[in-house]
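Q: Got a minute to go through this one with me? I'd like to start with how the strands pair up.
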Amino acid sequence: MSRGLAGIRPPNALREVNRLIGAGLLKDRRVGRARLVSADVSSPYHQPLVAILARSFGSVLVIRDELAPVAGIDQALIFGSWAARFLGHAGPQPRDVDVLVIGGPPGSDLRRANARMEDALHLPVQITTIGTAEWAAADSGFLRDVQAKPSITLDLTGSDHE
């Protein structure tokens, strides 16, 4: 018997899906002979699990890990609607991730990192680059807006990435 995309055999996957339905984390419904399975967003466990998974495997870590080895970045942050939703502010589902890179990284390195981020996240990543002095001066409406609204500062110096 072959293994599916998740790397496990279909009977094992079915057993785990049934367990998650029984626990109230997933729900299913029949459409003809097909069985459709989805997250049970009404479960009291849904939002906490989404938060744990996002913090453990999500966009923040992917973006941080891709930007960390890029030379010339003094600071980086995620801003805009994606950051607001991640931090618990209500609103529509973001269609992209906005990243502000502060410093002077080589454009080619940043473009390669951006492509890898988009491949990993299956979501457009919009990178804006500004100089350190420009960030400190914050003399544009855009920068004042970014500084005033929710954002996530990325730790590019941690020991858990290369």
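A: Sure. First, a term: two strands count as paired if DSSP finds at least two bridges between them. And keep in mind that this is a predicted model.

Q: Okay, so which residue stands opposite Ile78?
A: That's Ile152, in strand E6. E6 covers residues 151–153, and E3 pairs with E6 in the antiparallel sense over 3 bridges.

Q: And how many bridges are there between E3 and E4?
A: There are 6, again in the antiparallel sense, with E4 spanning residues 97–103. In that pairing, Leu77 stands opposite Leu100 of E4.

Q: Is E3 mostly covered or mostly open?
A: Mostly covered: E3 runs over residues 73–79, and 5 of its 7 residues are buried.

Q: Moving on past E6, what about Leu156, buried or exposed?
A: Leu156 sits in the segment after E6. Leu156 counts as buried because its relative accessible area is 16%, and the cut-off for buried is under 20%.

Q: How far apart are Leu156 and Gly24?
A: In space, 38 Å from C-alpha to C-alpha; in sequence, 132 residues.

Q: Different topic: which residues form the nonpolar patch on the surface?
A: Tyr45, Leu49 and Ile52, which together have about 300 Å² of accessible area.

Q: Where does Tyr45 lie?
A: Tyr45 is in the loop that runs between strand E2 (34–39) and helix H2 (46–57).

Methods. Residues numbered from 1 in each chain as written. Predicted model: local features only at pLDDT ≥ 70, side-chain atom pairs only at ≥ 80, totals over all residues. Heavy atoms only, no water. Patch = residues over 30% accessible without salt bridge, like charges linked within 9 Å, V, L, I, M, F, W, Y side chains within 5 Å. Areas by Shrake-Rupley, 256 points an atom, 1.4 Å probe, with all protein chains shown as cover. Salt bridge = Lys/Arg side-chain N within 4 Å of Asp/Glu carboxyl O. Helix = DSSP H or I, 4+ residues; strand = E, 2+ residues; numbered from the N terminus. Buried < 20%, exposed > 50% of the residue type's maximum accessible area, 1.4 Å probe, protein only.
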